[in-house]
Amino acid sequence: MFLETLDFIIYILVMVLFPTILIGTFLYRKFVIIPYKNNVVKKYLLEINPNIKYTFEADSKAFQAFNADYRLINNARRYAITDLIIDDNMESFDLHATHTQSTGKNQTTVTDFKGRFYVIKIDTKYDCDFILKEEILNRAPEGFSLLDLEVISFNKKFNLYVNSKEEAHHYFTPSVIKRLVELEDSSEGKLIFAYINGKFYFGINDGANFFESLKTKEDVKNEYLRQKNKVLEFQKLIEKASL
């Protein structure tokens, strides 16, 4: 009798609490998060640079198609893009990429990437495309092959996929390799760094949401510039190696 009563109480609590949580989350998002992003964050970013374009929620179809070809993020099937910023030649956005995994009778959602992604258009045309990822398995995209370099610490951290091993050695010199390892050590979360068809792609898989808890203009400015400068350091490193 006691167990039946307990089961009934639990059932009632679930039936009441679950819709309440969903409604509360929806209302908080609609009346707190979205106005904060579209009004406060956007305003602060425009004060940093009047040419910045900001969108809180953006379409993910283009990135999904790109990732299907180059597999910067393995396994992902669903993509959500928020906090899209277009700043001169740089585009950045929060990315939450997931896939569904079956576990017997149940299915669970697995997060493959949650963090910030950057796409940088450049004028220089390199002779080699590459994809640098922190992963255990060798999963080279079509047209790319794994390149092992003569630096154990680098090979332990990264898989380097290139479409021309001969040309790749011109860019991944000992000094560049050493600096890449140092930058990875100083970064929170796993890194993805690639050059494909005239663009740099840089992802920081740290589980963070950009601009989520920032309140002042200085908070927004400092966070934006801190992340942007880190990305530009990777870009300049490869550009310097190509000279």
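**Figure 1. Burial and overall composition of the predicted model.** Of the 243 residues of the protein, 41% count as buried, where buried denotes under 20% relative accessible area, exposed over 50%, and partly exposed the range in between (1.4 Å probe, protein chains only). This is a predicted model, in which local features need pLDDT of at least 70 and side-chain atom pairs count only at pLDDT 80 or more, while totals for chains, interfaces and linings use all residues. Residues are numbered from 1 along each chain as its sequence is written, and side-chain values use heavy atoms, with hydrogens and water left out. The secondary structure comprises six helices and nine strands; helices (H or I, at least four residues) and strands (E, at least two) are DSSP runs numbered from the N terminus. The protein exposes about 14300 Å², of which carbon and sulfur atoms supply 55%; accessible areas come from the Shrake-Rupley method with a 1.4 Å probe, and for residues only the protein chains shown count as cover. Among contacts (heavy atoms within 4.5 Å) between residues at least 6 apart in sequence, 62% join residues at least 24 apart.

**Figure 2. The aromatic pair Phe 63 and Phe 66 in helix 2.** A pair of aromatic rings is described by the distance of the centres and the angle of the planes. Rings of Phe, Tyr and Trp (its six-membered ring) pair if their centres lie within 6.5 Å; planes under 30 degrees apart count as stacked, over 60 as edge-to-face and the rest as tilted. The count by this rule comes to 21 aromatic pairs. For Phe 63 and Phe 66, the ring centres are 6.3 Å apart and the planes stand at 45 degrees, so the pair is tilted. The two residues are three apart in helix 2 (residues 61-70) and are therefore separated by about one helical turn. Phe 63 counts as buried because its relative accessibility is 9%, and Phe 66 is buried with a relative accessible area of 15%.

**Figure 3. The aromatic pair Phe 193 and Phe 234.** The ring centres of Phe 193 and Phe 234 lie 5.2 Å apart with the planes at 70 degrees, so this pair is edge-to-face. The pair links distant parts of the chain, with Phe 193 in strand 8 (residues 190-196) and Phe 234 in helix 6 (residues 217-241), 41 residues apart. Phe 193 is buried at 2% relative accessibility, and Phe 234 is buried with a relative accessible area of 2%. Both rings belong to one aromatic cluster, whose members include Tyr 118, Tyr 126, Phe 130, Tyr 171 and Phe 200.

**Figure 4. Asp 129 and its surroundings.** Asp 129 is located in the loop between strand 4 (106-121) and strand 5 (130-133), and is buried with a relative accessible area of 9%. The side chain of Asp 129 reaches the backbone nitrogen of Asn 197 at 3.4 Å. Not counting residues up to four places away in sequence, Asp 129 touches Phe 144, Tyr 161, Val 162, Asn 163, Tyr 195, Ile 196 and Asn 197. Asn 197 itself is placed in the loop between strand 8 and strand 9 (199-205); although not a glycine, Asn 197 has a positive phi of about 50 degrees.

**Figure 5. The two sides of helix 5.** For the 12 residues of helix 5 (residues 174-185), 1.5 Å a residue gives an expected span of 16 Å, which agrees with the 17 Å between its end C-alpha atoms; the expected span is 1.5 Å times one less than the number of residues. Val 176, Ile 177, Leu 180, Val 181, Leu 183 and Glu 184 are buried in helix 5. These residues cover an arc of only 165 degrees around the axis, which puts them on the same side of helix 5; the arc is that of the directions from the helix axis to the C-beta atoms. The face turned away from the buried side carries the exposed residues Pro 174, Ser 175, Lys 178 and Asp 185.

**Figure 6. The loop residue Leu 149.** Leu 149 lies in the loop between strand 6 (145-146) and helix 3 (152-157) and counts as buried at 6% relative accessibility. Neighbours within four places in sequence aside, Leu 149 is in contact with Phe 154, Asn 155, Leu 160, His 169, Phe 172 and Ile 177.

Terms used: Polar contact = N/O pair within 3.5 Å; in protein donor to acceptor, adjacent residues only side chain to side chain.
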